[in-house]
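Subject: Structure for your review

Dear colleague,

Please find below the structure that I am handing over to you. My findings follow it, arranged by topic.

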Amino acid sequence: MSTAETETLETTAEVARATAAQVLAEASRRRTIAVISHPDAGKSTLTEALALHANAIREAGHVHGKAGRAGVATDWQDMEKQRGISISSAVLQLDHRGMVVNVVDTPGHADFSEDTYRALTAVDAVIMLVDAARGMEVQTRKLFGVCKQRGLPVITVVNKWDRPGQEALALLDEIESVTGLKPTPITWPVGIAGDFRGLLERGSGEYVKYTKAPGGATRALEQRMSAADAAALEGPSWQQALEEHELLSETGADHDEEEFLAFRTTPVYFTAAVANTGVGQVLDALVDVAPSPHDQRDVAGATHTLAEGFSAQVFKTQTGMNPAHRDRLAFARIHSGVFHRGMTVRDDRSGRPMVLKHVQTVFGADRSTVDVAWPGDVIGLVNARHVVVGDTLSENGRISYPPLPVFAPEHFRTVRPADLRVGKQFRQGLRELDAEGVVRVLTSDSRGDGEPVVSAVGALQFDVVQYRMTHEFRSPVLFTELPYTTARIIDAADAPLLRAHRGTEVVHHTDGRTFALFTDEWRVRSFERDNPGVRLEELVATS
Ligand code: GDP
């Protein structure tokens, strides 16, 4: 080997070492989280308040497109406006105390799509937002169920403390009985719900007093003081907060990082997001309490460390986010290594190489290109046409992270084009909506290709399908409701047995999975009784 070659090798090794150290440093600087809540608990308000407190590095511009807020000009934004819902989801990147916080959006509505739940596969922790008056509402419980199934650490934020609500201790009881996690408040409210004076910071014992900013500005003024000053200023309200704080300590309700990461406890914060009260502490929690990205196991159980070569998993695809661009974005969460613009990666299914030249973090009207990204970051691949949800991207295409969970659909319909002349658009549109996880498009054994079955976690998704098929794919559709309410994954070899069972239909998905559809749980149990040797695999329940 020539000297030059030896030198090059040494340099390469040095670069590799430097990069590994750099990857670890960048990963430890990152927090990737999602906010889960029932609609109207204040998710958008809290997200915006967090962005206000931090420096928004890259704002996805999507924060829900509600009235008066900057929103992404999407094709279906009209529909979002009409219904006051958010259908698209993206990422907001914040910079706080030298850390990078990635907030992955989980669109919330009374009806969810699979897409909402998939966002939770891309994060390392969640903020569970609870309305002080309404407590643990139904969608919060459903989303919490997914966190539990994945062991995702949960930070609880009790919001709207400026409004009359429940007693703080009663809320803790409710959170504990619903989640099974022991609440360990970090801040404690001074003043009952509706009379929010400030926060007792349990760690320091100090009082943070909030005063409405003069002149109608929403951001509250903050004043920090000692317990003695707080007692003099707030009298009985401080006394009560102090007694409750001591009671909590006596019952061991103090934050312990290990217990939190092991999914046994949940730190609790109190806020009035609309007035920015208590939001700074939540932002600090994301830096001090939330975990940074960690090593991941692949589908075979082997561990891939953060500093290994680049790997990322696609958790979402979306077309038509911007009518001016008319393109398809695939969103991938980086699990290891460093992403450089222009690098070549392969997906684990086809092994096909692709050069990542067009990669973005800003989704929506204001896009910019990403040059470098690290573990925990989410990148948007532009027009990576053959990439589908669940794919792992890596340099050699040989890493496969576990497939994303399939969430239990509860609504089933057949779908056909309203105008038979647009068969091609019809098929293309359905393929895309299936890839995005809006609905699952299935081929029935008894109906064939011509009459696909679509299944959804929430019935609202059929309206989304109709809207997008009409406006984006120019193929309005007709639905026929089917009587099924539940599905199981089956072994394709068992299909004949299931077909023979009354009230059951067998359908196939392009991912290779076969499903049996049942009218109700009673029929599932009756089949299981009659066929003890046949395995019916349950899907991840969302209710
Ligand atoms: P989302 O559906 O969870 O995203 O909820 P939004 O952020 O849109 O908030 C729903 C409503 O609650 C809006 O009218 C907000 O202004 C209001 N809201 C949010 N946070 C607070 C709060 O801390 N106090 C009060 N009083 N209202 C709030």
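**Overall fold**

Of the contacts in the protein between residues at least 6 apart in sequence, 70% join residues at least 24 apart. Please keep in mind that this is a predicted model. The protein contains 14 helices and 30 strands. Its chain content amounts to 543 residues, of which 45% are buried.

**The seven-stranded sheet**

One open sheet consists of seven strands with antiparallel pairing, in the order 27-24-26-25-29-30-28. Its edges are formed by strand 27 (477–481) and strand 28 (486–490), each of which pairs on one side only. On average, neighbouring strands of this sheet are turned by 40° against each other, direction ignored.

At one of these edges, strand 28 is joined to strand 30 (residues 514–518) by five bridges, in the antiparallel sense. Within this pairing, Thr486 has Phe518 of strand 30 as its bridge partner.

Two helices are associated with these strands. Helix 11 (residues 423–436) lies across strand 24 (411–417), strand 25 (440–444) and strand 26 (448–456), and runs at about 120° to strand 25. Helix 12 (residues 460–471) also packs on the sheet, where it touches strand 24, strand 26 and strand 27. The direction of helix 12 makes about 160° with that of strand 27.

**Surroundings of the ligand**

Which residues are closest to the ligand? They are Gly42, Lys43, Ser44, Thr45 and Val274, from a total of 16 residues that surround the ligand. Helix 2 (residues 43–53) supplies the largest share of this shell, namely three residues. Sorted by class, the shell comprises five nonpolar, six polar and five charged residues.

**Strands 8 and 9**

A further pairing concerns strand 8 (residues 187–190) and strand 9 (residues 198–201), which run antiparallel and are joined by four bridges. Thr187 is bridged to Glu201 in strand 9.

How are the side chains of strand 8 arranged? Thr187 and Pro189 point one way, whereas Trp188 and Val190 point the other way. This follows the general pattern, because side chains in a regular strand alternate between the two faces of the sheet. In strand 8, all four of these residues, on either side, are buried.

For your own inspection, the shell around the ligand, with its 16 residues, and the sheet that ends in strand 27 and strand 28 may serve as starting points.

Yours sincerely

Methods
Residues numbered from 1 in each chain as written. Predicted model: local features only at pLDDT ≥ 70, side-chain atom pairs only at ≥ 80, totals over all residues. Buried ≥ 20, exposed ≤ 12 C-beta atoms within 10 Å, placed from the backbone. Contact = placed C-beta atoms within 7 Å. Pairing = 2+ DSSP bridges. Axes fitted to C-alpha atoms, helices over the stretch in contact; angles between N-to-C directions. Near = placed C-beta within 6 Å. Nonpolar A, V, L, I, M, F, W, Y, C, P; charged D, E, K, R; others polar.
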